[in-house]
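User: I am a first-year student, and I would like a close look at one part of this model. Please start with one strand and work outward from there.

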Amino acid sequence: MSLSAARPLNPWRWLALPALICIGATMLFAAPLRVFGLQLPEPVFAMVPTFAWAVIRPSVLVPFGVLLLGLFLDSFWGGPTGLWGLSLLAAYATVLLMRNMMSGQSRAMMWAWFAGATGIAMLAGFLFTMLDSLAIPSLVGVLWQFLATVLLFPFADYLVDQFEDADVRFR
Amino acid sequence: MAFRESPLGELKIPLTWTAAVAVVVAGVIAVALLVSDRRETLQEEAYGAARKTVDTVAAPVSGAIAAPGRWTGQGLTWISVYLFTASENRKLRRELDEMRSWRDTAIGLKEQNDRYQALLGLKLNPPIPIVAARVVADSRGPFANARIADTGRSRGVNVGNPVMSERGLVGRVVGVTNSASRVLLLTDIASRTPVMIDRTNARAILTGDGGPNPKLEYLRRDDSVKAGDLVVTSGDGGVLPRGLPVGVAVKDILGNWRVALAADNASIDFVQIIKFVDFSQLADIKALSEAEMPPVTTKDPQATVLRPNAAVQAPQALNSPKVTAIVAPLAPMPRPLPKPVSRRPVTRPAASPLTPVQAVAPPPPPVAATVAAPQLISPATPQFNGRR
């Protein structure tokens, strides 16, 4: 393989910028607003880069980026420290393992993979919360957050499209 | 030397392996953080510096992010008020007529209440100061329900203060910085609130689970509550004052009792933080555990015995207010002074509440303790046996 094909990705563009956008979106959706008596949904925006980063290419930096995003969610939402870091890492590790199976699949199929990864993150969060608080979280609440997060797949797809072919060694 | 020319230059490790190692390392860090987290204790010490920093930064940023939405909401409210002024005016006039009669009733009841209080010499709790705060962030997920308010320690807010909307209890402060407070909502999975059913006084613990309606747990009898009963704080444990409205009891599809929160019907962008302090909980645990017992000193027995009025002099160790209360009823009942026979006590003091004091004290003085202790203890003992 020639080195001309090995075009390293700029970490700022594919790691830092999506993470910052994700943090901004999380803060935006935490605004105390009610529209027609209903509050805004609260999707886990961090699932978008978590899924996309694993699909784009394996990286040593990404797990720590995912951990930092998770720690931000815990601090900002007021949950137990490490809960979302661990949950997102579980989803990231699963997608990384299944990465070869995902390559070349249709958009609808990738959406299903995204839903699966989101489900793993939510299931991990559910179990860790049970262990941490010794109480069972509301399944309805988990389901709503899952559905709101699954709807974010187009953003993950856009991120994958932007960087998937940037380094042909990982195609 | 270029990297390719080094002896390890051709050593290739699959990037997936290195990424997997990084995942494991990050996972271990996350597990360690999760295990060491003490959020559920809801203590100020458990609210770490990282969380305080995030709150301090997030409060103004979230406030700025939420501002356009807030302005839009205020604009829509202004338009709707403008459009519906006439109908609103008619409705308010009807309410005003109704409220006038209630006002007269309230004035009469207040005067009657004041008279009763004066007759009984009742001392009520002082009014509790309240701080208004604007909510700048609101997390509503299944694993954490909290709000960040833009008021903090600079205005006297402390950890544990209850937080109300205009309709009912919202939660309590679990973290506070100089300019922001984090409010743990009643719906959070870590929230436990002692409540009671207003109709029957039945106690229960309101337990959040991340859903909109927290559960009523530890109800002793199922017939002590029925749908629609008002649920208020019980004040048990001293964390919250008694009687704050929480919501109404409802039954879910599984037959469990839950509470439809009154605060759900209120606006979510403003809250009132009640600077409540339970004076019965103000004991400084640290100071109490560090303080040493006062030394127990006794007078020279010989000096006490030789004086003619020695029997009515209590040892210095028994000069505490509690013992004074015991001595007081005994004062009018002087007994004849027994003659000192020997330096060792002949009789053993009866078992009494003073036993712990005697346990840490040096051996009792021969005459004074032998004589004074039975005199002090025997009539007063019933007062300390729970039969007051």
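User: My part is strand 4 of chain B. Is strand 4 buried or exposed, which strands pair with it, and what lies across it?

Analyst: Keep in mind that this is a predicted model. Let us begin with the strand itself. Strand 4 of chain B spans residues 169–176. This strand is mostly covered: eight of its eight residues are buried.

Now look at its partners. A general point helps here. Strands of a sheet pair through backbone hydrogen bonds, and the pairing is either parallel or antiparallel. On one side is strand 3 of chain B, residues 162–164. Strand 3 and strand 4 of chain B run antiparallel, and three bridges join them. To find the pairing by eye, start at M164(B), which stands opposite L169(B) in strand 4 of chain B. The two strands form a hairpin, with four residues between them.

Strand 5 of chain B is another partner. Strand 4 and strand 5 of chain B also pair in the antiparallel sense, here over five bridges. V173(B) is a good marker, for it stands opposite V183(B) in strand 5 of chain B. Strand 4 and strand 5 of chain B form a hairpin too, and four residues lie between them.

Step back to the sheet. Six strands of chain B make a closed barrel, in the order 1-2-5-4-3-12. Read along that order and you find strand 4 between strand 5 and strand 3. The pairing in the barrel is antiparallel. On average, neighbouring strands of this sheet are turned by 40° against each other, direction ignored.

Next, what lies across the strand? Helix 2 of chain B does. Helix 2 lies across strand 1, strand 2 (145–149), strand 4 and strand 5 of chain B. Against strand 1 of chain B, helix 2 runs at about 90°.

Some of these elements also take part in the meeting of the two chains. In total, 46 residues of chain B are in contact with 46 residues of chain A. Four elements of chain B give two or more residues to that side: helix 1 (15–36), helix 2 (49–83), strand 1 (130–140) and strand 5 (181–185). Helix 1 of chain B gives the largest share, 13 residues. By type, the chain B side divides into 26 nonpolar, 11 polar and nine charged residues.

Stay in chain B for two single residues. L206(B) sits in strand 7, residues 203–207. L206(B) counts as buried because 25 C-beta neighbours lie inside 10 Å. Leaving out residues up to four places away in sequence, L206(B) touches L186(B), T193(B), V195(B), P214(B), L216(B), V246(B) and V259(B). I29(B) is elsewhere: L206(B) and I29(B) are 34 Å apart in space, C-alpha to C-alpha, and 177 residues apart in sequence.

Y218(B) makes a contrast. This residue is in the loop between strand 8 (215–217) and strand 9 (230–233) of chain B. Y218(B) counts as exposed because it has 12 C-beta neighbours inside 10 Å. Its phi is near 60°, a positive value in a residue other than glycine.

Finally, turn to chain A, the partner across the contact. Chain A has eight helices and two strands. From the N terminus on, its elements run α-β-β-α-α-α-α-α-α-α. The radius of gyration of chain A is 16 Å, close to the 16 Å that the globule rule gives for 171 residues, so chain A is as compact as a globular protein of that length. Of its 171 residues, 50% count as buried.

One helix pair in chain A is worth a look. Packed helices are described by the angle between their axes and the distance between the axes. Helix 3 (residues 61–77) and helix 4 (residues 83–97) of chain A pack at an angle of about 145°, with their axes 7 Å apart. Their crossing is right-handed. The contact includes V66(A) and L67(A) of helix 3 of chain A, and W84(A) and Y92(A) of helix 4 of chain A. Its residues divide into 11 nonpolar, three polar and one charged.

Chain A also has a loop residue with positive phi: L134(A), at near 55°. L134(A) is found between helix 6 (107–133) and helix 7 (139–150) of chain A. This residue counts as exposed because it has 10 C-beta neighbours inside 10 Å.

Technical notes: Residues are numbered from 1 along each chain as its sequence is written. Chains are lettered from A and ligands numbered from 1 in the order in which they are written. This is a predicted model: local features need pLDDT of at least 70, side-chain atom pairs count only at pLDDT 80 or more; totals for chains, interfaces and linings use all residues. A residue is buried if 20 or more other C-beta atoms lie within 10 Å of its own, exposed if 12 or fewer, and partly exposed in between; C-beta atoms are placed from the backbone. Two residues are in contact if their C-beta atoms, placed from the backbone, lie within 7 Å. Ala, Val, Leu, Ile, Met, Phe, Trp, Tyr, Cys and Pro count as nonpolar, Asp, Glu, Lys and Arg as charged, and the others, Gly among them, as polar. Two strands pair if DSSP finds at least two bridges between them. Axes are lines fitted to C-alpha atoms, for helices over the stretch in contact, and angles run from 0 to 180 degrees between N-to-C directions. A crossing is left-handed if the near helix is turned anticlockwise from the far one by less than a right angle, and right-handed if clockwise. The radius of gyration is taken over C-alpha atoms; the globule rule is 2.2 Å times the number of residues to the power 0.38.
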